[in-house]
Amino acid sequence: MVSSSTIAATAQRRPGRVRQGRRVADRTLRIACTGATVVGALVLGSILVMLIVQGVRGFTPTLFTNPTPGPGSEGGGIANAILGSLVLTGIGILIATPVGVMAGTFLAEYGRGSKLAALIRFLNDVLLSAPSILIGLFVYTLMVRPMGTYSGWAGGVALAIIAVPVIVRTTEDMLRLVPGTLREAGAALGAPPSTVIMSVTWRAASAGIVTGIILALARIAGETAPLLFTALNNNSWFSANLMGGVANLPVMIYQFALSPYPNWQGLAWAGALLITTTILALSIIARLVIKPQASR
């Protein structure tokens, strides 16, 4: 027979062993996570420091006023590349926004539980993770080869294809967060579903939808691979019809960074710093826009 004192002593020791093992596991995991965080922060910090140091050197008074110089030339700027990037990104987001918002609205409001909606979600997820170079090759086959020349329109379409799945996913998620009671209240007043969607659900999820558009804008602002197949690049101002190569920051950075000319390399660093700052600003704006929505 085991005495009651032995049982009590064993019961007291077992919890102590379990707690000590859990403490060791918790401490080990915490150290591992902290170490991984420190390593990631050091790598990211070193990249940012190098980008700032090298990029600031390339900032000159003519950076935002002059077009990119020719090979071996001195001076110049990136004004044509900045303007080209704004035009290409604007075309892409103008095409992607209505398509993405409408598709996300269909998935959240009309296609809940349907097989068609499930298929669209699957295709959207595939497109969301597709390599951008494949999208550029697709648009090259679809538009550039039949036209016989590179164009800003092809570049804008390629960027739009990249932006659409981001807007679709964000729009659907934001609309699903809208309480069903708001839709029921609109229906109780006799409003048709289309009116309820435009006047109630879209307004309730407007901050989240705008955030998705801004995130898609930041996503396509630095894309290089699709533009290599569609808009390419040039060292002059583009024509109004956007036919032929169109100067843009991502391709300019890629080409100038690989060049043997120090002037071009300096402009590439300056362009990289500019586009990084722009994407950072868009990300901050997206967070500021979605913060009031999350606090409701």
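Here are some notes on the salt bridges, helix packing, aromatic rings and a few single residues of this predicted model.

1. **Ground rules.** Because the model is predicted, local features need pLDDT of at least 70 and side-chain atom pairs count only at pLDDT 80 or more, while totals for chains, interfaces and linings use all residues. Numbering starts from 1 along each chain as its sequence is written, and side-chain values use heavy atoms, with hydrogens and water left out.

2. **Salt bridges, and one within a helix.** You'll find six salt bridges in the structure (a side-chain nitrogen of Lys or Arg within 4 Å of a carboxyl oxygen of Asp or Glu). Take Asp26 and Arg30, whose closest N and O atoms are 3.1 Å apart. Both sit in helix α1 (residues 4-58), four residues apart, so about one helical turn separates them. Helices here are DSSP runs (H or I, at least four residues), as are strands (E, at least two), numbered from the N terminus. As for the surroundings, Asp26 is partly exposed, with a relative accessible area of 42%, and Arg30 is exposed at 56%. The cut-offs are under 20% relative accessible area for buried, over 50% for exposed and in between for partly exposed (1.4 Å probe, protein chains only).

3. **A bridge between distant parts of the chain.** Which side chain does Glu109 meet in a salt bridge? That would be Arg183, at 2.8 Å from N to O. This pair links distant parts of the chain, 74 residues apart: Glu109 belongs to helix α2 (residues 79-110) and Arg183 to helix α6 (residues 180-188). Arg183 is buried, with a relative accessible area of 16%.

4. **Thr201, beside that bridge.** Have a look at Thr201 while you're there; its place is in helix α7 (residues 193-204). Thr201 counts as buried, at 0% relative accessibility. Leaving out residues up to four places away in sequence, Thr201 touches both Glu109 and Arg183, along with Leu175, Val178 and Val196 (contact means heavy atoms within 4.5 Å).

5. **A small network.** Arg121, Glu172 and Arg176 are joined by salt bridges into a network. Within it, Glu172 and Arg176 have their closest N and O atoms 3.3 Å apart. These two are four residues apart in helix α5 (residues 152-176), which is about one turn of the helix. Is Glu172 buried or exposed? Glu172 is buried, at a relative accessible area of 6%, whereas Arg176 is partly exposed at 37%.

6. **How α2 meets α5.** The axes of these helices come within 6 Å and cross at roughly 30°. Axes here are lines fitted to C-alpha atoms, for helices over the stretch in contact, and angles run from 0 to 180 degrees between N-to-C directions. The crossing of α2 past α5 is right-handed (the near helix is turned clockwise from the far one by less than a right angle; anticlockwise would be left-handed). The residues of this contact divide into 19 nonpolar, nine polar and three charged. Ala, Val, Leu, Ile, Met, Phe, Trp, Tyr, Cys and Pro count as nonpolar, Asp, Glu, Lys and Arg as charged, and the others, Gly among them, as polar.

7. **Val87.** This residue lies in helix α2 and counts as partly exposed at 24% relative accessibility. Its C-alpha atom is 9.8 Å from that of Gly155, and the two are 68 residues apart along the chain. Neighbours within four places in sequence aside, Val87 is in contact with Phe238 and Leu242.

8. **Aromatic rings.** The structure has four aromatic pairs. Rings of Phe, Tyr and Trp (its six-membered ring) pair if their centres lie within 6.5 Å; planes under 30 degrees apart count as stacked, over 60 as edge-to-face and the rest as tilted. Phe256 and Trp264 are stacked, at 4.1 Å centre to centre with 5° between the planes, and both residues are buried. Tyr261 and Trp264 have ring centres 5.4 Å apart and planes at 80°, so that pair is edge-to-face. Tyr261 is partly exposed at 31% relative accessibility. Together, Phe256, Tyr261 and Trp264 make up one aromatic cluster.

9. **Gly136.** Last stop: Gly136, in helix α4 (residues 132-147), counts as buried at 0% relative accessibility. Beyond residues up to four places away in sequence, Gly136 touches Pro226, Phe229 and Thr230.
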